[in-house]
Amino acid sequence: MADSVDGRGRRALGALALLAVPTVLAAVPLAALAALLGPGGLGALPFGAAGGLLAAAVVGPAASALLGPVLVDRRIARLPDADLDERRADFVADRVASLAAEVGVDPPEVTAVRADAANVAVADGHRGSRLVVSTRLLALPKADRDAALRHALVRLRTRQALLATATLPALAAVETAALLATLLVGRRGDRTAADRRVNRIHGYEPDRERVPSWAYAAAGALCWLLLLPAWIPATVGDRFAVAGGRRAADALVARAGAAEREGLGNAVAFAGDAAGAGDWPPLLDRLSLVSMADAETGRVRGTSRQEARTRLARLRSKRTL
C-alpha cells in the first residue's frame, strides 16, 4: 500500500485546511480591530482589514499551537491513572522505548490510563511528545499491542501528531459551536405526555412555550451560517489530514512486516468493535489509533463512519503489500 502522490497531495491539502481553521477564527476579531484602527477608521494603524487578515494568518496558528499541548496535558491530567505496579510500568516504558528506536523517534512520555477503550493517542508540541495508552490496549496480545504503539510512534515521526495537536484548540472550538448549532436546529418544540406528567408532578405546566421552536431553529441556522467559513476547512482537514494520516501510518506499519500488519489489523478491528468507546476522551479522538467519535460528533465533523472498516479492508487486502 505504497503512499501515492495523490495520497500525499490530499494530506497536504488537509494540512492547509487544518491551519486555515485557527486563521479564520483569529481573522474575525483581528480584521474588525484593524478596520477600526486603520486608515478608514481611527487612523492609528497604517493598514486596514487586509492587514488584520494577514496578521490572523500568523497569530491564529501560532496561538493554537501554543494552546494545543496545554489543552492536551490538562485533559490527560484528569484521566484516571492505571495504577500500574512499578514492574509493569517499567515494562510499558521499556517497550515504547524499544519501538521508538525501531521507528526512529525519541521515546515519548508514556501515560497509562484506566479505560475500557482499546486505544492509544499521541500528542506532540512545545511541551514534548506524549503517549496515552489504555489498560485495555495493554492487555491485548503482544503483536496487536506493539502494532498499535508503533502506529502512534509512526504518526509522531511523520509530524501528523504535531499538526493535529497544534490545531486541536481551533478544531475543538468549531466542533463545539457546530454541536450547539445542530442542537438548536433540532430542538423539539412540542412536549410529550411524559413531559407533561413530569411538569405536573413539579407543579409547573406552562400554557405555551416561552420561546417558540422556530426561534431556536432560526438561531441554529444563523450559527451554522456564521460557522461555515471555519467548519468547511475543519471538515476537509479531518477527512484528508487526520483520517488520511491514520491510513498513511497504517501503510508504514504494514511494511514493517507481516506480523506488524496482522497485529495492526487485529488492534484496529478490536478497538472499533469493543465496548468502551464512550470511555475515551473526545478531545483525544483526533490523536488516536481509532476514531471513537459518537454518531452526532461524527456527522458534525463530516467524517466517514466507515473509517475503521475501510482501514481494516485495506490492511487485509493485497494492496497492503
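In which sense do β2 and strand β3 pair, and over how many bridges? The views below are taken from a predicted model, in which local features need pLDDT of at least 70 and side-chain atom pairs count only at pLDDT 80 or more, whereas totals for chains, interfaces and linings use all residues. Residues are numbered from 1 along each chain as its sequence is written, and side-chain values use heavy atoms, with hydrogens and water left out.

**View A. The hairpin of β2 and β3.** Strand β2 (residues 120–123) and strand β3 (residues 130–134) pair in the antiparallel sense over four bridges, where pairing requires that DSSP finds at least two bridges between the strands; helices (H or I, at least four residues) and strands (E, at least two) are DSSP runs, numbered from the N terminus. A123 has R130 in β3 as its bridge partner. Six residues lie between the two strands of this hairpin, and G128 in the turn has a positive phi of about 95°. From β2, V120 and V122 point one way and A121 and A123 the other way, and all are buried, that is, under 20% relative accessible area, with exposed meaning over 50% and partly exposed in between (1.4 Å probe, protein chains only).

**View B. The largest nonpolar core.** This core has 50 residues, and those with the most contacts inside it are V120, W280 and L289; a nonpolar core is a set of buried Ala, Val, Leu, Ile, Met, Phe, Trp, Tyr and Cys residues joined through side-chain atoms within 4.5 Å. Helix α5 (residues 142–157) supplies the largest share of this core, seven residues. Apart from it lies another core, of twelve residues, including L18, L171, A234 and V242.

**View C. Surroundings of L289.** Leaving aside neighbours within four places in sequence, the residues in contact with L289 (heavy atoms within 4.5 Å) include V120, L137, A148, H151 and R246.

**View D. Helix α8 against helix α11.** Helix α8 (residues 213–254) and helix α11 (residues 307–315) pack at an angle of about 25°, with their axes 11 Å apart. Because angles under 35 degrees count as roughly parallel, over 145 as roughly antiparallel, 65 to 115 as roughly perpendicular and the rest as oblique, α8 is roughly parallel to α11. A243, R246, R247, D250 and A254 in α8 meet E307, R311, R314 and L315 in α11.

**View E. A217 in helix α8.** A217, which lies in α8, counts as partly exposed because its relative accessibility is 27%. Leaving aside neighbours within four places in sequence, A217 is in contact with L184 and V185.

Key: Axes fitted to C-alpha atoms, helices over the stretch in contact; angles between N-to-C directions.
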